[in-house]
2 protein chains.
Amino acid sequence: MAATENAKPTPGTAAEGMGVAKGGWFTELSTMWPGQGLSLKVDEVLFQDRSKFQDVCVVKSGAFGTVLLLDGVIQCTERDEFSYQEMITHLPLCALENEATAVLVVGGGDGGVLREVSRHRGVEQIHIAEIDAMVPEVAKKFFPEMALGFQDPRVRVEITDGIKWVEAAAEGTYDAIIVDSSDPVGPAEVLFQKPFFQAMHRALKPGGVICTQGESLWLHLPIIKELAAMCHEVFVGGSVSYAYTTIPTYPSGQIGFMICSKANAEGPPLDPRTPRRPAPEAAISGYPPLRYYSSELHSASFVLPAFARKELGSSLTL
Amino acid sequence: MAATENAKPTPGTAAEGMGVAKGGWFTELSTMWPGQGLSLKVDEVLFQDRSKFQDVCVVKSGAFGTVLLLDGVIQCTERDEFSYQEMITHLPLCALENEATAVLVVGGGDGGVLREVSRHRGVEQIHIAEIDAMVPEVAKKFFPEMALGFQDPRVRVEITDGIKWVEAAAEGTYDAIIVDSSDPVGPAEVLFQKPFFQAMHRALKPGGVICTQGESLWLHLPIIKELAAMCHEVFVGGSVSYAYTTIPTYPSGQIGFMICSKANAEGPPLDPRTPRRPAPEAAISGYPPLRYYSSELHSASFVLPAFARKELGSSLTL
């Protein structure tokens with residue numbers, strides 16, 4: 001046992017937190033997970049600034065390599081990011097019967113989702129709407145293995161409010177929209193609200209699919225339940241389902257995805273639990289291999305623990 | 001962001017840690033997961049003593065309710081224990097074609113595994129070999145919902161070294177052996193070594209199954225790989241497989257299970273990935289309902305992330 005002697009972590013700003021990061025420990029605290037938090041030994045603070053929207057900080061940890069923090073919350077780490085990036089991307093894209101040609105990423109400024117989308121060879125357009133220009137800049141400097149997603153010539157980067165981008169898109173523009181957001185406190189709050197989901201629904205082609213960061217089953221079941229009920233109202237005639245992945249540096253060690261499909265012009269709605277397409281190309285020159293996703297894991301990730309199935313079952317169509 | 005200001009957690013004993021627990025935060029550190037640790041806000045220290053084998057401590061946390069710590073490592077919490085207890089028990093017992101009649105639990109002094117075994121009505125004998133008498137005592141006082149497993153008249157409690165118990169058992173005594181151990185540092189080290197697995201193999205009936213606490217895929221892949229290779233040597237003609245469950249208060253938020261079956265007298269070995277029996281009785285008077293396990297989740301829990309499948313694949317037979 002070890003003790004954070006005389007240490008009573010108190011919520012504060014990233015700037016305050018950096019006092020700790022000097023050869024010490026960082027504890028990730030938030031009102032989103034009161035009374036608990038992952039602690040990481042921080043060897044070095046590599047970057048720290050305040051953007052127009054949030055505190056942006058990069059630290060080096062022994063346990064998880066380089067870590068990106070936004071407003072003091074871990075967004076991704078070098079060691080385990082692949083779990084989240086692969087799953088939030090390949091779950092929707094491999095669920096589609098026909099390969100997506102137009103994909104939108106909202107948020108995702110670290111480039112990891114772009115990297116995964118770009119494994120899908122048939123995609124012609126990859127748009128990304130990231131609100132904070134500092135995030136891609138920092139990613140390119142400190143997370144080259146994620147930021148390589150920006151190098152794909154099919155990628156078009158818009159530094160803009162994701163909601164405005166989606167609202168301005170022509171109806172039926174995208175086969176898939178992936179929302180790689182932070183938690184619903186701070187700048188990402190609106191990305192969990194009905195107007196944004198209605199706008200996404202409009203911007204999707206018939207039979208198209210969205211996949212959004214959907215918090216943790218162990219921590220946020222009431223939020224997820226509300227989100228699922230709202231999706232149920234928006235995706236009429238389509239499908240609403242939920243999957244999750246394991247990832248050590250997200251609160252409680254897991255994160256989920258809300259996956260909704262727009263009604264098809266004809267035929268039943270998409271059932272995203274069964275992959276219709278094989279896993280994307282893993283061996284791309286300069287790319288890391290696929291490290292988490294497989295077709296078998298795709299289906300397994302929709303099987304929820306009994307307590308979650310009981311709570312969400314009535315809002316999920318699948 | 002919050003900071004453990006001036007806080008450089010240093011490995012120590014539970015007694016030292018308790019300085020923290022006075023209205024402060026506890027950070028779970030170990031050489032088994034260097035540079036990271038779950039921090040919990042501790043409201044009250046309910047119990048603290050040193051048994052013949054280890055430091056035993058019970059604290060009250062806001063986030064996870066009552067928490068049992070052995071040598072400063074979280075063993076179980078009121079809020080999430082069901083995930084581990086249900087999965088380590090029902091994975092082996094529901095994999096068997098015929099209901100188990102004789103089951104041995106090694107470790108498991110908190111009573112949670114006993115509670116789950118006792119949901120299986122056909123089991124006639126439930127033996128438990130727990131080395132530390134203080135653990136059941138503490139469980140009965142502070143974790144009544146787990147310790148109710150001790151009330152089942154089929155349970156026979158032996159306060160003894162699990163290895164000696166298994167070595168002394170007649171060949172072919174048990175249908176299933178469940179090893180609910182702490183980590184392979186300290187008193188539980190021998191429970192991860194070959195002589196113990198050989199003794200368990202001997203004590204199993206043909207076609208019988210063991211399920212052992214198998215550490216975390218995210219943290220301990222080299223240990224798991226070694227364990228799987230050793231199981232492969234011991235369970236000749238049987239099967240060796242690996243499953244996992246999500247649980248927020250274990251390191252990295254997950255824990256796995258090594259599941260091995262002894263060769264059948266005739267026919268192919270057991271494939272534990274497919275449940276042969278329905279989920280056990282959930283509605284038992286005075287018992288909590290099943291909160292994690294389902295037959296569908298049973299199969300899903302064996303589907304490993306690509307990085308783990310790649311590393312363990314050659315040692316697993318299934």
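**Entry 1: Gly237(B)**

I started with Gly237(B), which sits in the loop between α8 and β13 (239–246) of chain B. I am working from a predicted model. How exposed is Gly237(B)? Its relative accessibility is 47%, so I put it down as partly exposed. Next I looked up its contacts. Leaving out residues up to four places away in sequence, Gly237(B) touches Ala263(B) and Pro269(B). I checked the distance to Ala263(B) as well. The two C-alpha atoms lie 4.9 Å apart, although 26 residues separate Gly237(B) from Ala263(B) in sequence.

**Entry 2: Glu215(B)**

I stayed in chain B and moved to another loop. Glu215(B) lies between β12 (204–213) and α8 (221–234). Its phi is near 60°, which is positive in a residue other than glycine. Is Glu215(B) buried or exposed? I found a relative accessible area of 3%, so Glu215(B) is buried.

**Entry 3: Val59(B) and helix α4 of chain B**

I looked up Val59(B) in strand β5 of chain B. Val59(B) has 3% relative accessibility and counts as buried. From Val59(B) to Glu81(B) I noted 15 Å, C-alpha to C-alpha, with their positions 22 residues apart in sequence.

Strand β5 came up again when I turned to helix α4. Which residues of helix α4 (residues 134–142) of chain B are buried? I listed Met134(B), Val135(B), Pro136(B), Val138(B), Ala139(B) and Phe142(B). I then asked what these buried residues pack against. The strands are β4 (36–50), β5 (55–61), β6 (65–70), β9 (125–130) and β10 (155–159) of chain B. Helix α5 (144–147) also belongs on that list.

**Entry 4: chain A as a whole**

I switched to chain A and counted its elements. The secondary structure comes to ten helices and 14 strands. The radius of gyration is 19 Å, close to the 20 Å that the globule rule gives for 318 residues, so chain A is as compact as a globular protein of that length. Along the principal axes, its C-alpha atoms fill a box of roughly 65 × 45 × 35 Å.

I then noted how the chain is covered. Of its 318 residues, 64% count as buried. About 11200 Å² is exposed, and carbon and sulfur atoms supply 52% of that area.

How many charged side chains does chain A have? I wrote down 26 positive and 38 negative ones. The centres of the two sets lie 1 Å apart.

I also looked at contacts between residues at least 6 apart in sequence. In chain A, 69% of these join residues at least 24 apart.

**Entry 5: helix α2 of chain A**

Helix α2 covers residues 81–95 of chain A, 15 residues in total. From first C-alpha to last it reaches 21 Å, close to the 21 Å expected at 1.5 Å a residue. How much of α2(A) is buried? The count is 15 of the 15 residues, so the helix is largely enclosed by the rest of the structure.

I picked out Glu81(A), which is found in this helix. Its relative accessible area is 3%, so Glu81(A) is buried. I listed its contacts beyond four places in sequence: Cys76(A), Arg115(A), Glu145(A), Met146(A) and Arg291(A).

**Entry 6: Glu99(A)**

Past the helix I stopped at Glu99(A), in the loop between α2 and β8 (102–107) of chain A. With a relative accessible area of 29%, Glu99(A) is partly exposed. What does Glu99(A) contact, leaving aside neighbours within four places in sequence? I found His120(A), Arg121(A), Gly122(A), Val123(A) and Arg277(A). For Val123(A) I also took the C-alpha separation from Glu99(A), which is 7.1 Å across 24 residues along the chain.

**Entry 7: helix α7 of chain A**

Helix α7 spans residues 194–203 of chain A. Its buried residues are Phe196(A), Phe197(A), Ala199(A), Met200(A), His201(A) and Ala203(A). What covers them? The cover includes strands β8, β11 (174–180) and β12 (204–213) of chain A. Helices α6 (162–168) and α8 (221–234) are also part of that cover.

**Entry 8: Ser252(A)**

I closed with a loop residue. Ser252(A) lies between β13 (239–246) and β14 (254–261) of chain A. Its phi is near 70°, a positive value in a residue other than glycine. Ser252(A) has a relative accessible area of 8%, so I entered it as buried.

Note on methods: Residues are numbered from 1 along each chain as its sequence is written. Chains are lettered from A and ligands numbered from 1 in the order in which they are written. This is a predicted model: local features need pLDDT of at least 70, side-chain atom pairs count only at pLDDT 80 or more; totals for chains, interfaces and linings use all residues. Side-chain values use heavy atoms; hydrogens and water are left out. Helices (H or I, at least four residues) and strands (E, at least two) are DSSP runs, numbered from the N terminus. The expected span of a helix is 1.5 Å times one less than its number of residues. Buried means under 20% relative accessible area, exposed over 50%, partly exposed in between (1.4 Å probe, protein chains only). The radius of gyration is taken over C-alpha atoms; the globule rule is 2.2 Å times the number of residues to the power 0.38. Contact means heavy atoms within 4.5 Å. Accessible areas come from the Shrake-Rupley method with a 1.4 Å probe; for residues, only the protein chains shown count as cover. Lys and Arg count as positive and Asp and Glu as negative; His and the chain ends are not counted. The place of a charge is taken as NZ of Lys, CZ of Arg, CG of Asp or CD of Glu.
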